[in-house]
Amino acid sequence: MTYFKLIDKGTEPNRLFIGGVHGKEGFTTLKALQKIGDDNVTEGKLVIHNCDVSPYLSTLDPLYYQSEVGKEVLYLINHYQPTVYVEAHCYKRKSYPKLISPQRRTKAGVPPLIELEKGVLIGSASPFIRTSLFKREDVCITLEMPCDPSQESLNVYVNILRIIASSGSRDDLEKKMKKLYPTQVETAREYAREFFGDYPPF
Ligand SMILES: [Zn+2]
């Protein structure tokens, strides 16, 4: 299930998409990541990496980044130094209420994820890496869909990946996302401010 693809059409922006960072979710994220092709990138670089099956540990667990796959994620980020970072995840349907609950702040120490549509959720990256490995102006996105996605959910998820792959800058990406999901982008902006201070929405 390990999958790697490099699309090289220049140096900037430098994008890294990682899927399947824990458990068996790579089986699902691979279905989406494989749909991103050379045509989706007009400028800059895109590295796509899907991880193999690993024991499940939340990326919000401090031990995660000491695990084998956690170290692999850190290695990839340090090696490719992306300015646009996407973590592709999937969730079990029973976890849905927990992921979007306002109580995620107190229970998991992070803002709730925001639903774009069809069960596709968006958020920032784990706070362990968002502020330490990335600059404020870098783009950090966590994308979630059900692990048994409907065709509609999968299409929404792939569409977001394609938008990110085809955006030439943060402004360009924000503009495209705002057009499709105005209220969600505004909520993401509020959450980022609340959680990280003067940070952009993704
Ligand atoms: Zn996950």
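Select Gln81 first: in this predicted model, Gln81 lies in the loop between helix 2 and strand 4. Look at its backbone. The phi of Gln81 is near 50 degrees, a positive value in a residue other than glycine. Most residues other than glycine have a negative phi. Is Gln81 buried, exposed or partly exposed? Count the C-beta atoms around it: 13 others lie within 10 Å, so Gln81 is partly exposed. A residue would need 20 or more to count as buried, and 12 or fewer to count as exposed.

**Stop 2: Tyr80 and helix 2**

Step back to Tyr80, which belongs to helix 2, residues 68–80. Tyr80 has 17 C-beta neighbours inside 10 Å and therefore counts as partly exposed. Leaving aside residues up to four places away in sequence, Tyr80 touches Asn14, Leu16 and Val47. Now select Gly10 as well. Tyr80 and Gly10 are 70 residues apart in sequence, and their C-alpha atoms are 14 Å apart in space.

Next, select the whole of helix 2. The helix has 13 residues, which at 1.5 Å a residue should span 18 Å; the end C-alpha atoms are 18 Å apart, so the two values agree. Which residues of helix 2 are buried? Colour Val69, Gly70 and Val73, which are buried. These residues cover an arc of only 110 degrees around the axis, which means that they sit on the same side of helix 2. Turn the helix to its other side to find Glu68, Lys71, Tyr75, Asn78 and His79, which are exposed.

What do the buried residues of helix 2 pack against? Show strand 2 (14–19): the buried residues pack against it. Helix 2 as a whole lies across strand 2, strand 3 and strand 4, and runs at about 170 degrees to strand 2.

**Stop 3: the sheet**

Show the strands together. Seven strands form an open sheet with mixed pairing, in the order 1-3-2-4-7-6-5. Strand 1 (3–9) and strand 5 (114–117) are the edge strands, and each pairs on one side only. From one strand to the next, the twist averages 20 degrees.

Start at the strand 1 edge. Strand 1 runs antiparallel to strand 3 (residues 44–50), and seven bridges join the two. To see one pair, select Asp8 together with Lys45, its bridge partner in strand 3. Then add helix 1 (residues 26–33), which lies across strand 1, strand 2, strand 3 and strand 4 (84–91). Helix 1 runs at about 130 degrees to strand 4.

**Stop 4: a cis peptide bond**

Go to the loop between strand 1 and strand 2, where Pro13 is found. Select Glu12 with Pro13: the peptide bond from Glu12 to Pro13 is cis, with omega near -5 degrees. Most peptide bonds are trans.

**Stop 5: the other edge**

Move across to strand 5. Strand 5 and strand 6 pair in the antiparallel sense over three bridges. One pair to select is Ile114 with its bridge partner in strand 6, Ile122. The two strands form a hairpin with two residues between them.

Which residue in the turn has a positive phi? Select Lys118, whose phi is about 55 degrees although Lys118 is not a glycine. Lys118 is partly exposed because 16 other C-beta atoms lie within 10 Å.

Now follow strand 6 (residues 120–123) itself. In a regular strand the side chains alternate between the two faces of the sheet. Both faces of strand 6 are covered: Val120 and Ile122 on one side, and Leu121 and Gly123 on the other, are all buried. Strand 6 is also joined to strand 7 (residues 139–146) by three bridges, and these two strands run antiparallel. Keep Ile122 selected and add Leu143 in strand 7, which stands opposite Ile122.

**Last stop: the whole protein**

Zoom out and show everything. The protein has eight helices and seven strands. Its radius of gyration is 15 Å, close to the 17 Å that the globule rule gives for 202 residues, so the protein is as compact as a globular protein of that length. Taken along the principal axes, the C-alpha atoms fill a box of roughly 40 × 35 × 35 Å.

Colour by burial to see that buried residues make up 38% of the 202 residues. Finally, turn on contacts. Among contacts with a separation of 6 or more, 69% are between residues 24 or more positions apart.

Note on methods. Residues are numbered from 1 along each chain as its sequence is written. This is a predicted model: local features need pLDDT of at least 70, side-chain atom pairs count only at pLDDT 80 or more; totals for chains, interfaces and linings use all residues. Helices (H or I, at least four residues) and strands (E, at least two) are DSSP runs, numbered from the N terminus. The radius of gyration is taken over C-alpha atoms; the globule rule is 2.2 Å times the number of residues to the power 0.38. Two residues are in contact if their C-beta atoms, placed from the backbone, lie within 7 Å. The expected span of a helix is 1.5 Å times one less than its number of residues. The arc is that of the directions from the helix axis to the C-beta atoms. Two strands pair if DSSP finds at least two bridges between them. Axes are lines fitted to C-alpha atoms, for helices over the stretch in contact, and angles run from 0 to 180 degrees between N-to-C directions.
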